Amino acid sequence: MDLKDLFESVEFNIKIIYLPFTFYNIKSNTYNYEFLAIIISVTEIAVSNISASVETNNITLNWNVTKQYSSNVTYTIKTDFGKSESVTSNGGIISGLQSGSKYNFTVVSTPPKDTFVNYSDYSVPSEPFWTYAVYGNVCDSEQSYPECVYGYDCRTPNNTAPKLCLCNTSQFWSSGCVDIKEIAVSNITASVETNNITLNWNVTKQYSSNVTYTIKTDFGKSGSVTSNGGIISGLQSGSKYNFTVISTPPKDTFVNYTDYSVPSEPFWTYAVYGNICDSEQSYPECVSDYVCRTPNNTVPKLCLCNTSQFWSSGCVDIKEIAVSNITASVEINKIILNWNVTKQYSSNVTYTIKTDFGKSESVTSNGGIISGLQSGSKYNFTVISTPPKDTLVNYSDYSVPSEPFWTCKFV
């Protein structure tokens, strides 16, 4: 039987190379052509030491081959999901994979095509390889699940299992892991009023649109505000407040990332009438129109009207309570004085007529009588306006002298 017939009729796990040679047939006086069969085990073309370089969506396989035969061998990577990829003798890339997924590969070595028969391939399975897990993928550093791609931590989200690829505890997620300090506010300033304080600050604009900002007070009040600042109202005048501006990162599907808090310096609301004050900020400053001064030479300093004013639901110039146009109706032993007043304040003002001989008389806002005078005598009067009594300070009176008036002479 011809060797060729033998190997065509039976499938062996071998590779055959036919080398032609000639010899002289003495009987027929002719040259005959035959083939010498060299049988080589197909394992000689098998790959070995399959290793992998993994990414999130690609796996690159590499292996060793017997160089003597590799140039004529075709290598193919087959996947466990039906994809095949013809590659070089050194290795190849399988792309379009799912992140954080496990794959099994088989490297198939196909011997050179033969004229007479199709010889069997030789397949070598790889160990399972995982693509790297990305943000939100299940993970496990011990390879029950995949490892996270660089930049993520494999950790438990909100104390629940399983572990996921997440940003670390000093970061938050915004199309990538970002240091939590990036959303912190800076340069907190304040515009103060008597019952409100408006805080303003700077932010990193790149992230501010998705960040929630909250102002917390030292008395438990919180207020959600814009990225530029906010108002805390309902405060006590002349009081000191400490604020904390909290930046909360965007809500995440997998985990609650930590807020970042920045405390402000202490700020004072403006002090109003009667509040303790201090222009050097041991206490608050007075709101405009009030003076921080010592009341009746006692401490501490208070927000009061200045010395040329008095208090009547606000600081009023003392001249506003002065009388004007003093006139007299004279008799033998008495003089009746009349004058004009500013009606707005007159109901709370005390009016007194003082004489040049030491007599004083409390009178109404319209005028008064000075009796027991000498007939045919000249008198000078002063009308004194005393502002309303104040709990905190004694404000100055305002005096207006009249022209001299004569009593009638008895005939």
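This report walks through strand pairing, aromatic pairs and a few charged or buried residues in one chain. The structure is a predicted model, so read every value below as computed from that model.

**Strands and hairpins**

Let's start with the strands early in the chain. Strand 3 (residues 48-54) and strand 4 (residues 59-64) run antiparallel and are joined by five bridges. Together, strand 3 and strand 4 make a hairpin, with four residues between them. If you want a handle on the register, look at Ser-48: its bridge partner in strand 4 is Asn-64.

Strand 4 has another neighbour too. Four bridges connect strand 4 to strand 7 (residues 91-94), again in antiparallel fashion. Here the spot to check is Leu-61, which stands opposite Gly-92 in strand 7.

Strand 5 (residues 74-79) and strand 6 (residues 84-87) are also antiparallel, with four bridges joining them. Thr-76 has Ser-86 as its bridge partner in strand 6. Strand 5 and strand 6 form a hairpin with four residues between the strands, and in this hairpin Gly-82 takes a positive phi near 95 degrees.

Here are those pairings side by side, along with one from further down the chain.

| Strand pair | Bridges | Residues facing each other |
|---|---|---|
| Strand 3 and strand 4, antiparallel | Five | Ser-48 and Asn-64 |
| Strand 4 and strand 7, antiparallel | Four | Leu-61 and Gly-92 |
| Strand 5 and strand 6, antiparallel | Four | Thr-76 and Ser-86 |
| Strand 16 and strand 17, antiparallel | Five | Ser-186 and Asn-202 |

The last row belongs to an open sheet of three strands, ordered 16-17-20 and paired antiparallel. Which strands sit at the edges of this sheet? They are strand 16 (186-192) and strand 20 (229-232), each of which pairs on one side only. From one strand to the next, the twist averages 20 degrees. Strand 16 is joined to strand 17 (residues 197-202) by five bridges, and Ser-186 has Asn-202 as its bridge partner in strand 17.

**Aromatic pairs**

On to the rings. Searching the whole structure turns up 19 aromatic pairs. One of them is Phe-219 with Tyr-241: the ring centres are 5.5 Å apart and the planes sit at 65 degrees, so this pair is edge-to-face. Phe-219 is in the loop between strand 18 (212-217) and strand 19 (222-225), while Tyr-241 is in strand 21 (residues 240-241), so the contact ties together parts that are 22 residues apart in sequence. As for accessibility, Phe-219 is partly exposed at a relative accessible area of 43%, whereas Tyr-241 is buried at 8%.

Tyr-290 and Trp-311 have their ring centres 6.0 Å apart and their planes at 50 degrees, so this pair counts as tilted. It links distant parts of the chain, 21 residues apart: Tyr-290 is in the loop between strand 24 (267-268) and strand 25 (291-293), and Trp-311 is in strand 27 (residues 309-311). Is Tyr-290 buried or exposed? With a relative accessibility of 19%, Tyr-290 counts as buried, because the cut-off for that label is under 20%. Its partner Trp-311 is partly exposed, at 25%.

There is also an aromatic cluster, made up of Tyr-135, Tyr-152, Trp-173 and Phe-254.

**Charges, and a buried valine**

One member of that cluster, Tyr-135, turns up again with Asp-252: their side chains make a polar contact at 2.9 Å. Asp-252 is found in the loop between strand 22 (243-248) and strand 23 (260-263). Asp-252 is buried yet has no salt bridge. Which side chain of opposite charge is nearest to Asp-252? That would be Arg-155, 8.1 Å away.

The salt bridge count comes to one. Lys-334 and Glu-331 form it, their closest N and O atoms being 3.9 Å apart; the cut-off is 4 Å, so the pair qualifies. Lys-334 is partly exposed at 28% relative accessibility, and Glu-331 is partly exposed at 34%.

Finally, take a look at Val-323, in the loop between strand 28 (315-317) and strand 29 (324-330). Val-323 counts as buried, with 5% relative accessibility. Val-323 and Gly-367 are 44 residues apart in sequence, with 9.7 Å between their C-alpha atoms.

Methods: Residues numbered from 1 in each chain as written. Predicted model: local features only at pLDDT ≥ 70, side-chain atom pairs only at ≥ 80, totals over all residues. Heavy atoms only, no water. Phe/Tyr/Trp six-rings, centres within 6.5 Å; stacked < 30°, edge-to-face > 60°. Helix = DSSP H or I, 4+ residues; strand = E, 2+ residues; numbered from the N terminus. Buried < 20%, exposed > 50% of the residue type's maximum accessible area, 1.4 Å probe, protein only. Pairing = 2+ DSSP bridges. Axes fitted to C-alpha atoms, helices over the stretch in contact; angles between N-to-C directions. Lys, Arg positive; Asp, Glu negative; His and termini not counted. Polar contact = N/O pair within 3.5 Å; in protein donor to acceptor, adjacent residues only side chain to side chain.
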